[in-house]
Amino acid sequence: MSKGTESEETLFTLKELSSAINWDIQGLVTAVVQDVRSREVLMVAYMNAESLARTLTTGQTWFWSRSRSELWNKGATSGHVQHVRSIRYDCDVDALLIEVDQEGAACHTGRSSCFYRGIDVNTGEALGMNERETNSQTNVQTSSQTQTNPLSILTTLEALIAKRDQERPEGAYTTYLFEHGVDKILKKVGEEASEVIIAAKNRDLKELRYESADLIYHLMVLWQEQGLSMDVVLDELAGRHLKQKGDYPSHAN
């Protein structure tokens, strides 16, 4: 039976997948990588039979580099590995959708996704990444990305904070926090938490929105300083949700 011509749906096990794929003339198949939580498309790469086999064996993504003609393990150098959660394929079995838990940034630029640029469909103008930091907060905007999935800003911000920690560019507010250490970061977390409380008591939604954003940012800086990833925090919330049917926190009286 030829591939891609079945009139009825065909399902494959992971072991059968390699032989079922409609590889192109170079022995490659397109692999779209998607964040399993945010549903954000992180990157597109290519796999051959060997990289697919290594992906299935190791649980991390392996690809084939067309420019270097070699296998590569995503995150082997940067530490931004992708933990595979599922592999799906399209109706013609000539493209793969790989859902992953992404550590750090997916893009080599330090951004959460390689798809940070686009075209405004109304004006035809190019849209890009607008990265701006002030003394009160870090404001990262991914114009097309955040419109389609507002939660993607969290992974983008996490990647930016990690990059600031590694590179320490002069003049950046995040650099200032890291260089002044954990006591300074803790002070800012406390100050912003107090501002959130005051805004809420005053029923000032505009101020509450602003101060909440500041608190989340400073909390994420603290996570980075402590070596705690956002994924671990989200996993904790998910675990509590399953055990307590959504009642938080677990230690509440």
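Okay, let's start with helix α6, where the buried residues are Glu211, Asp214, Tyr217, His218, Met220, Val221, Leu222 and Trp223. Keep in mind that we're looking at a predicted model. Why might a helix bury residues at such spacings? Generally, an α-helix has 3.6 residues a turn, so residues three or four places apart point the same way.

So what does α6 pack against? One partner is helix α5, residues 173-201, while α6 itself covers residues 205-226. The two pack at an angle of about 145 degrees, and their axes are 8 Å apart. As for handedness, α5 passes α6 in a left-handed crossing. If you sort the residues in that contact, you get 17 nonpolar, five polar and seven charged.

Now, the ends of α6. At the start, Asp204 has a side-chain oxygen that comes to within 3.3 Å of the backbone nitrogen of Lys206. Just past the other end, Gly227 has a positive phi of about 80 degrees. And does the length add up? With 22 residues at 1.5 Å each, α6 should span 32 Å, and its end C-alpha atoms sit 31 Å apart, so that agrees.

Last topic: cysteines. How many disulfides does a search of the whole structure find? Zero. Take Cys114: its closest cysteine sulfur is in Cys107, 3.9 Å away, and that's too far for a bond, because a disulfide needs the sulfurs within 2.5 Å. Cys114 is partly exposed, at 33% relative accessibility. Cys91, on the other hand, is exposed, with a relative accessible area of 70%.

That's my tour, thanks for listening!

Conventions:
Residues are numbered from 1 along each chain as its sequence is written. Side-chain values use heavy atoms; hydrogens and water are left out. Axes are lines fitted to C-alpha atoms, for helices over the stretch in contact, and angles run from 0 to 180 degrees between N-to-C directions. Helices (H or I, at least four residues) and strands (E, at least two) are DSSP runs, numbered from the N terminus. A crossing is left-handed if the near helix is turned anticlockwise from the far one by less than a right angle, and right-handed if clockwise. Ala, Val, Leu, Ile, Met, Phe, Trp, Tyr, Cys and Pro count as nonpolar, Asp, Glu, Lys and Arg as charged, and the others, Gly among them, as polar. The expected span of a helix is 1.5 Å times one less than its number of residues. Buried means under 20% relative accessible area, exposed over 50%, partly exposed in between (1.4 Å probe, protein chains only). A polar contact is a pair of N or O atoms within 3.5 Å; within protein, one must be able to donate a hydrogen and the other to accept it, and residues adjacent in sequence count only if both atoms are side-chain atoms.
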